[in-house]
Amino acid sequence: MFAIIAAVLGGGIVAGTALYILDHRLRARAARAAEDAARALDETRQRIALAAKEEVVAAREQLQQQLTRREQTLDQKLSAVEQHDQELKRREQQLEQNTRALGQREHEIVARLEQVAGLTAHDAKQELIHRLEDAARDDAAASVRDIKEQAKKNADREAKKIVALAIQRIAAEQTAESSVSAIPLPSDELKGRIIGREGRNIRAFEAATGVDVIIDDTPDTVVVSCFDPVRREVGRLALERLIADGRIHPGRIEDVVKKAQADVDAGIVEAGEQAVYDTGVRGLHPELVKLVGRMKYRTSYGQNILEHSKEVAWLSGIMAAELKLDILLAKRGGLLHDIGKTLTHEHDGTHVQLGVEVATKYGEQPMVINCIAAHHDDVPHETAVSVVVQAADAISGSRPGARREAFETYVKRLTQLEEIAAEFKGVEKVFAIQAGREVRVVVTPDAVDDAGAAKLTEQIARKIERDLQYPGQIRVVVIRETRAVDFAR
């Protein structure tokens, strides 16, 4: 049994020894394998580093070659630029030499010209400038004349078409009025009753109405005279009622005059409302409507202002329609353009100023106010509507039969026209013709040339506008005639 145990123990020792030896050998192999791997890794790293160094060296060499080539190219370009710069300097020097030579030659030529012409360079330059200015002035005047003539032809053609159409579409009657009213009497016996005992009736009537009653040898007629048309209408109406009633005494006169005044006031409002309705103007202030009605009893050169204003409103509306403008605004401006004439008896100022003030007071539009202010060119036209209103006013006031004026005023206006035109230099004769609608001016040919004739026409027209009051428009014609006369002997 001991032998068995000893054998087992001996076998275990042998096996342990064998295992130890085997483990030692395996460890030794693993160590050698690790050393071989480390050595191979180092060799690989060295090869990689060597290859990288070789690539870096090759890249540096290639870059160095490229830089060398670029330097050579830049050197060549720099050399070309330097050569070009030298060439430019040479040419600049040559140009300076040529310039000096030309300046010297120019000086010699100028000196020679001065010697030949007998003028210095400054005098010759001034002479040339004057000639050029004269030529340019003549050309400009001719061009302006041509442009104005062409524009006038076109404008006249279109304006005549529009005006003719407007006039054809309106047919308003015109009645010339005066400052007196004739009242027929059933018999001459009533003249004494109108005068009254010691003239008390006629004095009471004139005091109540503010009019003058003219009783003369004219059969069956009494004349009421007053420059205020409203007062004259009140007097006419009151006297007709007193004659019809037959009771003429101071107490009765006062009652009839009051009733006549009330009736005239009511008639004024009615006339204003009717005019507003007829022209199609809406939204007028009641006071403006009343002033429009008062125009019924106001005249200008014998033309009734209310009828004139209605006609201007209609003409303005028609022309505004043709020109694609505001028709209602044109009618409104036309109806109110002479509104200030109803106030000239009670207030100071022109009818234009008074019209602007009253229209502004009652809140009229600025465009309508401009129509009132500009229809006599007192202020500039701000819109085309105001120009249309001015044209319509000229048409209504200047057409034949629309207006008339006193003989003394007519003669005075003709004299002033001729005096104004005769004031200008070069005017030889002046003739006012066509009832003062045209002024013909004969000029001296040596003093006024063709361009100066056109300029003189405009100057005379502007001075007439500034210095003279007249209805409608006045045509200015300047006549320049050159005659050559010789005799065959």
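User: Which residue follows α4, and what is its phi?
Analyst: Happy to start there, with the ground rules for this predicted model: local features need pLDDT of at least 70, side-chain atom pairs count only at pLDDT 80 or more, and totals for chains, interfaces and linings use all residues. Residues are numbered from 1 along each chain as its sequence is written, and side-chain values use heavy atoms, leaving out hydrogens and water. Helices (DSSP H or I, at least four residues) and strands (E, at least two) are numbered from the N terminus. The residue that follows α4 is Gly210, with a positive phi near 80°.

User: On which side or sides of α4 do its buried residues lie?
Analyst: Buried means under 20% relative accessible area, exposed over 50% and partly exposed in between, with a 1.4 Å probe and protein chains only. In α4, residues 200-209, the buried ones are Asn201, Ile202, Phe205 and Thr209. Their arc around the axis, taken from the directions to the C-beta atoms, is only 95°, so they lie on the same side of α4.

User: Which elements do the buried residues of α4 pack against?
Analyst: Packing here rests on contacts, that is, heavy atoms within 4.5 Å. For the buried residues of α4, the partners are α3 (189-195), β2 (212-214), α5 (229-245) and α6 (250-279).

User: Is Glu198 buried or exposed?
Analyst: Glu198 sits in the loop between α3 and α4. Its phi is positive, about 55°, although Glu198 is not a glycine. With a relative accessibility of 70%, Glu198 counts as exposed.

User: And what about Lys324: buried or exposed?
Analyst: Lys324 belongs to the loop between α8 and α9. Its phi is also a positive value in a residue other than glycine, near 60°. The relative accessibility of Lys324 is 71%, so it counts as exposed.

User: Which helix gives the most to the largest nonpolar core?
Analyst: A nonpolar core is a set of buried Ala, Val, Leu, Ile, Met, Phe, Trp, Tyr and Cys residues joined through side-chain atoms within 4.5 Å. In the largest one, of 35 residues, Leu284, Val292, Leu335, Leu336 and Ile339 touch the most other members. At least two residues of this core come from each of α6, α7 (286-294), α8 (305-322), α9 (327-336), α10 (351-361), α11 (366-374) and α12 (384-398). With 7 residues, the helix that gives the most is α8.

User: How many residues are in the other core, which lies apart from it?
Analyst: That separate core has Leu185, Ile194, Ile202 and Cys226 among its members. Ile202 is also one of the buried residues of α4. The size of this other core is 26 residues.

User: How much space lies in the largest cavity?
Analyst: On a 1 Å grid over the protein atoms alone, a cavity is a set of points where a 1.4 Å probe fits but cannot get out; lining residues have an atom within 4 Å of a point. The whole structure has 2 cavities of 30 Å³ or more. The lining of the largest includes Asp228, Arg294, Tyr297, His345 and Glu346. Its space is about 60 Å³.

User: Which elements give two or more residues to the lining of the second largest pocket?
Analyst: A pocket is an open set of grid points with protein on both sides within 12 Å along at least five of seven lines. The second largest pocket has a volume of about 410 Å³. Of its 18 lining residues, Ala451, Gly452, Ala454, Lys455 and Leu456 lie nearest its centre. The elements giving two or more residues are α2 (121-168) and α14 (450-467).

How values were computed:
Points joined across faces, edges and corners; volume = space filled by probe spheres on them.
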